[in-house]
Amino acid sequence: MIFRNFLTAIMFTLGLSVFFLVHAQDNKRFDIAVTTMDGKSITLNDYVGKKPVYLKFWATWCQDCIKQMPHLQESYETFGKEIEVLAVNIGINDSAEAIAATQKEFSLTVPIVVDNSGKLVQSFNLVGTPFHILIDIDGNVVFKGHDASAQLDKTLKLLSASNSKILPKVEIEKLTTQPSLVSNTDKLTALVFTSTWCDWYLEESRPAIAKNCIAGQQQANVLYKQTPNLNWLGITSHLWTGDKELAEYKDKYQIDYPLAIDSNNQEFVRFKVKDFPTLILLQDGKEIFRTSDFSDKNSVANAILELN
């Protein structure tokens, strides 16, 4: 009898250990640091077990994100005491000045953080902004979606109630490491990081960036033909991009070098790319040149040809 109870205790302890191990593996995203506007680092683990969390992923150039700002501020004013509301800027083609301008335009008091590493965005498998995530007090994702919908408001209300019922979990696709798109780096390699939409989508909200996207792609096309000994690879963001958009973009700019979608944001995070477009040169696998400024085609061309 004593042995049976001892065995039962061991099995119970092992069961708990497996549970917590799996839980920890599933929640690595809770360890990822983001940066507040005053430079402090925080993680989602700061809130698990204390308060539910509302994450709204956004960018200052995202038109739908801007349209939803009044809703976000209202949600913060209504539920901010019961729920930790965080506006998570994705840190792509953005700046502190642009964020401050948005704060001023909409009189925002909702806390804003920036995902400088891109890892939090990656962990939630973000495919476009705006993106809303609701997490209950135990760290379970209970809502995800792009719209400021009635269902979002309903879930916020339920989460804010002290006696709220347990909400069903929402699955976030697990991040799986894929073979790197970047291979054969023993040879001098040129990586062109871009998106299939920055040339037209940003035309009104960020015309300078849109112009730079066009110039960057045009210059890459020319340089590719001038440097046949370089290993060229184009890598597009997976945001709002599938095979159809990739094919249309490649045809639009008559791109001859290989072009691939960074489907899990692996290469953007690996090379710490935060601007579209960015051109990186690798030699023996090490970075020897980087630029995101294509305003002067001669300066970029001269730098590449000199290193070639």
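In this predicted model, helix α7 (residues 207–226) and helix α10 (residues 297–307) make a good place to start: their axes come within 11 Å and cross at roughly 30°. Because angles under 35 degrees count as roughly parallel, α7 is roughly parallel to α10. The crossing of these two helices is right-handed. On the α7 side, the contact is made by Q219, L223 and Q226, and these meet K297, V300, A301, I304 and L305 of α10. Sorted by class, the residues of the contact between α7 and α10 comprise 5 nonpolar, 2 polar and 1 charged.

A second helix pair can be described in the same terms. In general, two packed helices are described by the angle between their axes and the distance between the axes. For helix α3 (residues 69–79) and helix α6 (residues 150–160), the axes come within 11 Å, with a crossing of roughly 20°. The helices α3 and α6 are therefore roughly parallel to each other. The crossing of α3 and α6 is right-handed. Here α3 contributes H71, S75 and F79 to the contact, while α6 contributes L152, D153, L156, K157 and S160. The class count for the contact of α3 with α6 is 3 nonpolar, 3 polar and 2 charged residues.

Attention now turns from the helices to a sheet. As a general background, strands of a sheet pair through backbone hydrogen bonds, either parallel or antiparallel. In this model, 5 strands form an open sheet, and reading across it gives the order β10-β9-β8-β11-β12. The pairing within this sheet is mixed. At its edges lie β10 (259–262) and β12 (286–291), each of which pairs on one side only. From one strand to the next, the twist averages 25°.

Which sense of pairing joins strand β9 to β10? Strand β9 (residues 231–237) and β10 pair in the parallel sense, over 4 bridges. A reader wishing to locate this pairing in the structure can look for T236, whose bridge partner in β10 is I261. Helix α8 (residues 243–252) also belongs to this part of the picture, as α8 packs on the sheet. The strands that α8 touches are β8 (189–194), β9 and β10. The direction of α8 makes about 145° with that of β10. Edge strand β10 thus appears twice here: β10 pairs with β9, and β10 is touched by α8.

Conventions. Residues are numbered from 1 along each chain as its sequence is written. This is a predicted model: local features need pLDDT of at least 70, side-chain atom pairs count only at pLDDT 80 or more; totals for chains, interfaces and linings use all residues. Side-chain values use heavy atoms; hydrogens and water are left out. Axes are lines fitted to C-alpha atoms, for helices over the stretch in contact, and angles run from 0 to 180 degrees between N-to-C directions. Angles under 35 degrees count as roughly parallel, over 145 as roughly antiparallel, 65 to 115 as roughly perpendicular and the rest as oblique. A crossing is left-handed if the near helix is turned anticlockwise from the far one by less than a right angle, and right-handed if clockwise. Contact means heavy atoms within 4.5 Å. Ala, Val, Leu, Ile, Met, Phe, Trp, Tyr, Cys and Pro count as nonpolar, Asp, Glu, Lys and Arg as charged, and the others, Gly among them, as polar. Two strands pair if DSSP finds at least two bridges between them.
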